[in-house]
Amino acid sequence: MNTPINNITEVGCVCRRVRRYSQPPAMVSYERLNPEEVQFSSAALLDPPPDDSGDAEAKAEDLERPLLDQTPQCTVTVALLTLGGLIVVVFGVWLLGTVFWLRGPPSMETHKPPPPVAPSGQNKGWQGGPQPESCSLIPEAWRFDCYPERSVVVTEEMCHQRNCCFIQVSKAGSPEQNGVPWCFYPPDFPSYELAAISKMETGYSGKLIRLQKTYYPNDIETLQLDVLYESNSRLRVKVTDPAKQRYEVPIDVPVVKEKAPDPLYTVEFSKKPFGMVVKRKQNSAVLLNTTVAPLFYADQFLQMSSSLPSDFVYGLGEHRSNFLHDVQWNTLTMWARDAAPVELTNLYGVHPFYLLMEPNGLAHGSFLLNSNAMDVVLQPAPALTWRTIGGILDLYIFLGPDPGSVIGEYLEVVGKPAMPPYWALGYHLCRWGYDSSNNTWDVVRAMRNYGIPQDVQWNDIDYMDRALDFTIDPVKFSTLPDLVKDLHIHNQRYVMILDPGISSTQPAGSYLPFEEGIKQGIFINKSSGDTLIGKVWPGLTAFPDFSNPDTHEWWYQNLKNFHDKVPFDGLWIDMNEPSNFFDGSINGCPSNDLENPPYTPGVLGGSLRAKTICASARQKIASHYNLHNLFGLMEAKASASALKKILGKRPFVISRSTFPSQGVHSGHWLGDNRSQWKDLYMSIPGMLTFNLLGIPLVGADICGFSDTTTEELCVRWTQLGAFYPFTRNHNTKESKAQDPTIFSPAAQTAMKEALLLRYSLFPFLYTLFHHAHLSGQTVARPLFFEFPTDQKTYVIDKQFLWGKSLLVTPVLDPGVDYVVGYLPQGLWYDFYTGDSIVSKGEEVKLRAPLDKINVHLREGSIIPTQRPNTTLWVSSGQPLRLIVCLTEEGLAEGDLFWDDGEALDTYETDQYAYITFRLKESTMTSEVVHSHLEASYITVETVSFYGVKSTPTSVTVNSQEAAFNYAANQVLTVSDLGLNLNQNFVISWT
């Protein structure tokens, strides 16, 4: 039963009511509140009013009370009410006419901000008189933008027409793109009110009403609020239109049927204006406070703001930036776009999820499940604004409390990453510009001749006949099937590119992918119903509608037919934002609200159709306006499904455009970077960000895609790239070749050693991917994940960890033979030598000649490594070496996951081995937690113990005396063991 709002027990409002100047009573201030000032809880909202009468009839009447308390009747009151009623009738007739006028058809003019509409009841003195004194009392950091339209010089008159405050903070002629807004919401700007709230099995349900219109058309005046306590560490807040089904993102998320029993959070509500405050129970930290600015919910403009507990915000991909986002008036636009990575630009993917580190080392995250074009605004309060132009507001909050747990909780919602095939973790080589299969083959042979590791060879679009999907250039690539056969003989793999644009201009009967697609109706249509035609590499093209299940079958059939000719092993899906060389289509786009919404986020090109297809285009389940950002995800899903059916093995797909849940189906590369030192550095924030976003199989084009690399840059990039989870060298035909074989012998050796180092770490890396698949852990991770109370680590993005224990410190600058890195507090060991460093949490200067990348191991870890070879097929059968890194107390632990490397769902079907290693009191035990035949093929040959403080007198292996070596740097090595990995063993020393 709904609880009338007048029954709320107010212990103290979330948002204080401040009357700074004369306004109607409905106007309520938005103020930044300290956590201790927030006292208005959901429990109070739901408490029934105290029963003082003891009279059952009075109780019954009380249940029927209106929202406003009744006053005692009297003759004067009756007279006044009668007179008031007449006035209300007259006012109602006027109001009805106004409503019909406001709901008239919107303007069709392109990219103009909506005409200002003064909400009824506002002080019209704003139009010409002085603005309220309260405007000047709002600190700059807490000014929320009332006029966010781009390319508009906001004047005082324009701002006041929106009934907002105007204070020019710069003498320049126009406000900076990222600066303090000149036009911002006053304390009493009208918002929604919480009219009623009730308990339900999963949390609370409420009704929100808006009594005064905003300056955007088609306000939704009544909203449904659902606050769902989905788990102890996950809260979901969903705001919808109860009168009309609006578009919602079509990805599977958990459906919870009962309220979490012991949540880590509390939820508090503000009645008028509506707002929510979410606190962490542990310390009362405010994680969400929407009372800081008004809520908007119009048909094509939805906006919600919140304070943030700190400046340390990460995620919000895909953008080129430092790993830690700048909160100094930083607008991050999300609309998938084919654009070479540059700062302050919307790029290939869309991920409205952030991770935030709180001041005390705790962490939480937030995810807006919305696929429409949006701006996410960070400001120095600190605060964040979600501003989207469609769909619903569907917000998740993840309580952690540590950063790794936040990511795991996020992936519980959108899906955990797939386990890649083993060869996906090897070295990949590609080039747009091989020009022939024979040239491609020559590079493969050269790599073998030089003994440089390589698992996968790729081709870009030059393998195709006239850039047509599912074809081979019959002259230049006639030997491609033979090349692929040769790769397979050498236990290597082949991956080719596919673009989604399907040529529409081939002679009748000559190109079945298009003709069958037309027959089956699987292409995206114009709003008129005809096939939309754009332009990509093959010329005029149609675009498959991957929201249509029939398209998945069509895609599979074409892939299968091509696989019969060229037995490829994986797919590279590019240009899938989708990219279009036209703006919209060959005929442009119609003029309507989808093409020209009342508000357009800050997209590159200024319009939604810029270098993509029309927003008004029709797809199976919704308009492209809603589905644009999902194109890459849906294509990846179709591709992974097809590969499973064709190969019967784990699929390998790398996609350029991505969306939440992408990691379930594909990996990602960071796009068309450049052969520049800055791009070398920027690849680390990109890699770390996508690990937060649930796509751990990620990397940048090693040595750069465009421009021409230098030998030094390519060596340093290969060293760093050896620690990308996905490692591929790729560049464009306009640049010189950059595979390792074309450089000097010294450079070749340095690159070879870096790649052999990666291959030696394969057992460790493969186990990290198992944990990512099983529980949503990151593979490459920032230092603060393991040292969350060390705030020095919060800004570090030139170093990173593999898992919790392997620290990589690459050289990112030219002409140096050293690097300065940060070692968090504790004991660290040089990977190569075992030399120890005790750090208090400080920077250290490390030697870094051109043939070395610095790698350190953290105390307490046990790292499984393997004798490397030139392919992972050979390497994965080699003996293991365990590196045991002792703490000061002599403790360490580690683990190893092992299976056949390619079969589907080996963990889910118990077709795997899992072994744990533990060291305590000078005794290391290996325990086979789950056995499998695959592990019996592997032996443990060597164990190195780093940090053994004194020379042992004896070493035993399974109670038998064994030979050993003890070095001056406190490294104990036991070799020639021949221990079966599939059997328990014990190594001790005294």
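In this predicted model, helix 11 (residues 631-647) lies across strand 26 (570-573) and strand 27 (653-655). The helix runs at about 165° to strand 26.

Strands 26 and 27 belong to an open sheet of nine strands, with the order 29-28-27-26-22-21-20-31-30 and parallel pairing. Its edge strands are strand 29 (698-699) and strand 30 (701-702), each of which pairs on one side only. Within the sheet, strand 20 (residues 427-429) and strand 21 (residues 456-459) pair in the parallel sense over two bridges. L429 has Q457 of strand 21 as its bridge partner.

Strand 31 (residues 727-729) contains N729. Is N729 buried or exposed? N729 is buried because its relative accessible area is 1%, and the cut-off for buried is under 20%. Leaving aside neighbours within four places in sequence, N729 is in contact with Y427, H428, L429, C430, I702, C703, C714, Q738, D739 and P740. L429, one of these contacts, is the residue bridged to Q457.

**Cavities and the largest pocket**

The model has five cavities of 30 Å³ or more. The table sets the two largest of them beside the largest pocket.

| Space | Volume | Lining | Nonpolar | Polar | Charged |
|---|---|---|---|---|---|
| Largest cavity | about 270 Å³ | 22 residues | nine residues | 10 residues | three residues |
| Second largest cavity | about 100 Å³ | 13 residues | 10 residues | three residues | no residues |
| Largest pocket | about 660 Å³ | 32 residues | 10 residues | 13 residues | nine residues |

In the largest cavity, H319, R320, L670, M682 and G686 are the lining residues that lie nearest the centre. The elements that give two or more residues to this lining are strand 13 (312-317) and helix 12 (677-692). Helix 12 gives the most, with seven residues.

Around the centre of the second largest cavity, the nearest lining residues are F274, M276, T290, L295 and M304. At least two lining residues come from each of strand 7 (234-240), strand 9 (275-280) and strand 12 (301-307). The lining of this cavity has no charged residues.

Which residues of the lining lie nearest the centre of the largest pocket? They are Q777, R781, K804, E893 and D895. Two helices and three strands each supply at least two residues of the pocket lining: helix 5 (403-414), helix 15 (762-775), strand 40 (862-866), strand 42 (892-898) and strand 43 (913-920).

**Backbone features in loops**

Two cis peptide bonds can be described here. The bond from G400 to P401 is cis, with omega near 15°, and P401 is found in the loop between strand 19 (393-398) and helix 5. Helix 5 is also among the elements that line the largest pocket. The bond from E577 to P578 is cis with omega near 0°; P578 lies in the loop between strand 26 and helix 10 (624-627).

Positive phi values occur at D435 and at D905, neither of which is a glycine. For D435, phi is about 75°, and the residue is found in the loop between strand 20 and helix 6 (437-449). D435 counts as partly exposed because its relative accessibility is 42%, a value in between the cut-offs of 20% and 50%. For D905, phi is near 55°. D905 lies in the loop between strand 42 and strand 43, two strands that supply residues to the lining of the largest pocket. With a relative accessible area of 46%, D905 is partly exposed.

Note on methods. Residues numbered from 1 in each chain as written. Predicted model: local features only at pLDDT ≥ 70, side-chain atom pairs only at ≥ 80, totals over all residues. Heavy atoms only, no water. 1 Å grid on protein atoms, 1.4 Å probe; cavity = no way out; pocket = protein on both sides within 12 Å on 5 of 7 lines; lining within 4 Å. Points joined across faces, edges and corners; volume = space filled by probe spheres on them. Helix = DSSP H or I, 4+ residues; strand = E, 2+ residues; numbered from the N terminus. Nonpolar A, V, L, I, M, F, W, Y, C, P; charged D, E, K, R; others polar. Buried < 20%, exposed > 50% of the residue type's maximum accessible area, 1.4 Å probe, protein only. Contact = heavy atoms within 4.5 Å. Pairing = 2+ DSSP bridges. Axes fitted to C-alpha atoms, helices over the stretch in contact; angles between N-to-C directions.
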